[in-house]
Amino acid sequence: MRRLFEKYNALLLRRPLLTNMISTGFLLGAGDCLAQNLFPQLPNQPYDYIRTLRAVFYGGVIFAPIGDKWYKILNTRIAWRGNGALGRSGKLSEKTLSTLLRVAVDQLFFAPIIGIPLYYSTMTVLENKQPYWDNIMDKFYTSYWPTLRSNWLVWPVFQWFNFYLIPVHFRLLAVNLISIGWNTYLSYVMHNT
């Protein structure tokens, strides 16, 4: 396992975007695969390979480049500038405050304005659900708020640990690993509401 991790790390350092695209596509596909097997829309429903390919395409070609860039922006442009703030036991570290700020920006800007709308609108178009605008708006009406609430139950705590402990080049992978469950949920909501 260690050897596999070392090879992945070498690829991530040598070709970060391509490596993130492949791993993100694979893991979004895995989430859809789990959703189809654990939560079929109908009893005895045949497996929809095209649906999984759409998830792989979305993850690898659309979301991975955005996520890769987003984590780099968060790491380089979003930071607490100051001498800390008073906490119960004195000052909070600049690293702690920067991490809290990154989580806030991620959860109050990226998730509600980019992440969730991008997923539902892109998947609606990839599924060729016409008229696109009406179907996108229907999906937003039925799924946006429940998805955002669920997002806020899962991601803020994880992202705090991710931003605080994980080196920036591993952050998208860390998100992708947790996202297997999240992607299963998104695929379920996309196809069952």
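How many residues apart in helix α3 are K72 and D68? Select both. They are four residues apart, which puts about one helical turn between them. The model is predicted, so take the tour with that in mind.

**The whole chain**

Zoom out and colour by secondary structure. The chain has six helices and two strands. Starting from the N terminus, the order is α-α-α-β-β-α-α-α. Align the view to the principal axes. The C-alpha atoms occupy a box of roughly 60 × 40 × 25 Å. The radius of gyration is 18 Å, and a compact globule with 193 residues would be near 16 Å, which agrees.

Now look at what is covered. Of the 193 residues, 40% count as buried. Turn on the surface. About 11,200 Å² is exposed, and carbon and sulfur atoms supply 67% of that area. Contacts come next. Among those with a separation of 6 or more, 72% join residues 24 or more positions apart.

Colour by charge. There are 19 positive and 9 negative side chains. The centres of the two sets lie 12 Å apart.

**Stop 1: K72 and D68**

Side chains of opposite charge can pair when their charged atoms come close. The whole structure holds five salt bridges. Go back to the opening pair. K72 forms a salt bridge with D68, with 3.1 Å between the closest N and O atoms. Check the exposure of each partner. K72 is partly exposed, at 38% relative accessible area. D68 is buried, at 10%.

**Stop 2: N20**

Keep D68 selected and add N20. This residue sits in helix α2. Its relative accessibility is 2%, so N20 counts as buried. Show the neighbours within contact. Leaving out residues up to four places away in sequence, N20 touches Y8, L12, A64, D68, L172 and L173. D68 therefore appears twice on this tour: as a contact of N20 and as the salt-bridge partner of K72.

**Stop 3: R51 and D32**

Which helices does the R51 and D32 pair tie together? Select the two residues. The closest N and O atoms of this salt bridge are 2.6 Å apart. R51 lies in helix α3 (residues 49-77) and D32 in helix α2 (residues 16-38), so the bridge ties together parts 19 residues apart in sequence. Is R51 buried or exposed? R51 is buried, with a relative accessible area of 6%. D32 is buried too, at 3%.

**Stop 4: R54 and E127**

Stay on helix α3 and select R54, then E127. The two form a salt bridge, and their closest N and O atoms are 3.9 Å apart. This pair links distant parts of the chain, 73 residues apart. R54 is in helix α3. E127 is in the loop between α4 (94-126) and α5 (132-165). R54 has 16% relative accessibility and counts as buried. E127 is buried as well, with a relative accessible area of 14%.

Add K129 to the selection. R54, E127 and K129 are linked in a network of salt bridges.

**Last view**

Show helix α3 with R51, R54, D68 and K72 as sticks. R51 reaches D32 in helix α2. R54 pairs with E127 in the loop between α4 and α5. K72 and D68 pair within helix α3 itself.

Definitions and conventions:
Residues numbered from 1 in each chain as written. Predicted model: local features only at pLDDT ≥ 70, side-chain atom pairs only at ≥ 80, totals over all residues. Heavy atoms only, no water. Salt bridge = Lys/Arg side-chain N within 4 Å of Asp/Glu carboxyl O. Buried < 20%, exposed > 50% of the residue type's maximum accessible area, 1.4 Å probe, protein only. Rg over C-alpha atoms; globule rule 2.2 N^0.38 Å. Contact = heavy atoms within 4.5 Å. Areas by Shrake-Rupley, 256 points an atom, 1.4 Å probe, with all protein chains shown as cover. Lys, Arg positive; Asp, Glu negative; His and termini not counted. Charge placed at Lys NZ, Arg CZ, Asp CG, Glu CD.
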